[in-house]
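Visitor: I am new to this structure. Could you walk me through how its labels are earned?

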Amino acid sequence: MSKIHIISNRLPYSISEEDNKYQLQASVGGLATGLSSVYKDFGGKWIGWSGISSESISKEKQQEIDQLLLAEDCLSVPLTTQEVDLYYEGFSNNTIWPLFHYFAQYADFNHDEWEVYKAVNLKFAKAALEILEEGDTIWVNDYQLLLVPEMIKSRMPNVTIGFFLHIPFPSYEVFRLLPWRNEMMEGILGADLIGFHTYDYERHFISCVRRLIGHEINLNQISTDDRIILVDAFPMGIDYDKFAGMAQELRYINENKKSKIHLELDKFLGDQKDRKLILSIDRLDYSKGIPQRLKGFARYMEQHPEMKGKVSLILLAVPSRDNVEHYQLLKKEVDELVGGINGQYGGINYTPIWYFYRSLPFNNLVELYHKSDIALITPVRDGMNLVAKEYVASRSDQDGVIILSEMAGVAKEMGEALIINPNNEDEIADAINTAINMPLAEQKERMKHLQTRLKRYDLFKWTSEFMKGIDKVKSIQQDFYAKQITASVSDSLKKIYLSAEKRVIFLDYDGTLSSFKNDPKMAYPDEELKHIIKGLSRDKKNIITIISGRDKETLQEWLNDFKVNLIAEHGVWIRAVGEDWDMPVVANKTWMETIRPLLETFVDNTPGTFIEEKNFSLVWHYRKAEPEHGDRRALELVDELTNLIGNENIEIMEGNKVIEVKNGGINKGYAANHFLLSNPADFIMAMGDDWTDEFMFKELPEEAITIKVGIKRTSANYKVKSVMAVRVLLKKLIGE
Ligand code: GDG
């Protein structure tokens, strides 16, 4: 059975030492819980760092720890203190983290850290390569390991790689700031399935692929030279039952079993049943918007003096990266804000903000969720934010209100929350007011929907959806490979070719016989192509036809010296060897006067584009336009053309970076069949690369051998990867 492995910066265990003996504690975080079920069920390993730097313990102790981890199917990647400093604290947390959270001004672009980031990523990849077997799957996690997918794929292409990013993927304008942006993209693109929390991050990623790498993209599928990669959104869920179960337990907990916090909360609420509790929980990180949140709370207190003594904010800030200057400054700012607000609005028996700067055990966390009337979750940027989901799961009475930042990934799934802009203090203050006054029935109505949804799409559903994504991309890839012309397929094609008496061969030109050039005029036949065409046309059994969208003048100029038939402008014109150009169907061009001005407008507002005027068609070329702009304009143009054309018999053809407008009913399929009427054959073959060739693939007789160049979906029977592969095949047919 092929295995599924996990790879992440940290292993799902922490290690402690007692009486000179090491012990493992399983991490309680969602990721550890969710992914442990995956690798254990599928006989895999979890590869990651143990959290102990390699030079801080002896070799023997390291071995002891490794043995303990191995018993849990975990493989530790040893890291030195310096590696942790430069790769983790440095490049991961001081470059990628701030940049991807739109704090570009905090991002360090340090070359040494980048070098170590690469070296450590390679260490992780090599650790994986030692255990990976052909056909296995590996799920790579998060921003510390962005280069690992390519490092594995390039060494072991037959392993399926999933990659999931737990933080936002920023827009191109931010991502482009990274000096090593292309290496980073290539790193991620080593994966077969790339997952994000939201569609927005997916969209940003695809836009970066388009602009930086230039791969062909169809919806959420990226076509590289040899693979299809799937990109999708998988919003991470929580272990819902664990939170709901604990909250339920807490409802009926015996007085003497209550935790200290629980008792304090009871005491606090005991004398004032109507006091409202607002909860704020996060790591103390600048992305979480804590100062803005406190200012919003202060604004509320200022606007509602009548609530003095009746509302408190519990601020749990979990220490994080506290050796980094930005975090130290943030801590200072939060301390000062809390002090100021408590000083200004507090009293002898009243503290507006209860501030905890520490982490709490799980049951305390749920107690806080369970006891608080309102959750105030206002990150300025957050990949997902699980706290919001955990609050929902812990509301066993189905009451409570969530105030949620629109900048958190989770906001996309929680329309029932009060959604605010975290930078707008007034909006936060208003939302607190709305939440405090929300009728119970409305709270329950909203909470009911949230709970139903989050229970259904929980942590385990998330992992299973991601695994389904892996299966899906595998089947897309298999479909692609199934049509590939392998050595044995090309051998049998050659046998059929040799045994035929009369062969008709249709060859598209651009993208099939010759590669695309930025300037279409430069795609004239090179020496190798001339040699192939000569070789094919020399054989008396062959009728070779070049079938192209190009105008007849160009085809004639380039191919006049060869014994080949020419079909130009997608079938408007046909020129048999030794004869004149003929038009099988009478085409008209009166429509051009209406269409041309529209195309001219698009040329004017889309730099790099131009119009080509053929005898019976008009073509808008956008290969040289800035890629995303060009693609967007192309969509707009098709839309406007469709409106303008109405019922006229005119067709819009979307080719490879071209939009062509031409007479309806005339296409390569029609032209090829028309040609076959006067040229019966026992071997028919057609090759082409774009969707204008699909007419041929669909309409030629069933026995025709149809070959698509490239990896897109096709109705052709076979696929070859590139122009080079076309030439190799044709050379094989002519015996070279
Ligand atoms: C990253 C992304 C994305 C917090 N305080 C305590 C405690 N916690 C637990 C919560 C929650 C987790 O920590 C925090 O998760 P978040 O999702 O809110 O945020 P990040 O740590 O920044 O996580 C984030 C996530 O990855 C998953 O992909 O959602 O956007 O930034 O589970 O319960 N747990 C305990 N005591 C505490 O005091 N026991």
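Visitor: What makes the link between the ligand and the side chain of His197 a polar contact?

Guide: This is a predicted model, so every value here is computed from it. An oxygen atom of the ligand is 3.0 Å from an N or O atom in the side chain of His197. A polar contact needs N or O atoms within 3.5 Å, so the pair with His197 qualifies.

Visitor: Which polar backbone atom is 2.8 Å from an oxygen atom of the ligand?

Guide: That atom belongs to Leu386. For Asn385, a polar backbone atom is 2.9 Å from a ligand oxygen.

Visitor: How much of the ligand does the protein cover?

Guide: On its own, the ligand has 730 Å² of accessible area, and the protein covers 80% of that.

Visitor: Which residues come nearest to the ligand?

Guide: There are 21 residues around it, and His166, Leu360, Asp382, Met384 and Glu390 come nearest. The shell divides into 12 nonpolar, 5 polar and 4 charged residues.

Visitor: Which domains supply the shell around the ligand?

Guide: Domain 1 (4-233) and domain 2 (240-456) each give at least three residues. Among the elements that supply at least two shell residues each are β12 (276-283) and α14 (386-393).

Visitor: Why does Ile47 count as buried?

Guide: Its relative accessibility is 0%. Buried means under 20%, so Ile47 meets the cut-off.

Visitor: Where is Ile47 found, and what does it touch?

Guide: Ile47 is found in strand β4 (residues 46-49). Its contacts include Leu11, Val77, Phe124 and Ile131. Ile131 is 84 residues from Ile47 along the chain, yet their C-alpha atoms are separated by 9.9 Å.

Notes: Residues are numbered from 1 along each chain as its sequence is written. This is a predicted model: local features need pLDDT of at least 70, side-chain atom pairs count only at pLDDT 80 or more; totals for chains, interfaces and linings use all residues. Side-chain values use heavy atoms; hydrogens and water are left out. A residue is near a molecule or strand if one of its heavy atoms lies within 4 Å of it. A polar contact is a pair of N or O atoms within 3.5 Å; within protein, one must be able to donate a hydrogen and the other to accept it, and residues adjacent in sequence count only if both atoms are side-chain atoms. Accessible areas come from the Shrake-Rupley method with a 1.4 Å probe; for residues, only the protein chains shown count as cover. Helices (H or I, at least four residues) and strands (E, at least two) are DSSP runs, numbered from the N terminus. Ala, Val, Leu, Ile, Met, Phe, Trp, Tyr, Cys and Pro count as nonpolar, Asp, Glu, Lys and Arg as charged, and the others, Gly among them, as polar. Domain bounds come from an automatic or database domain assignment. Buried means under 20% relative accessible area, exposed over 50%, partly exposed in between (1.4 Å probe, protein chains only). Contact means heavy atoms within 4.5 Å. Lists of a residue's contacts leave out its neighbours within four places in sequence.
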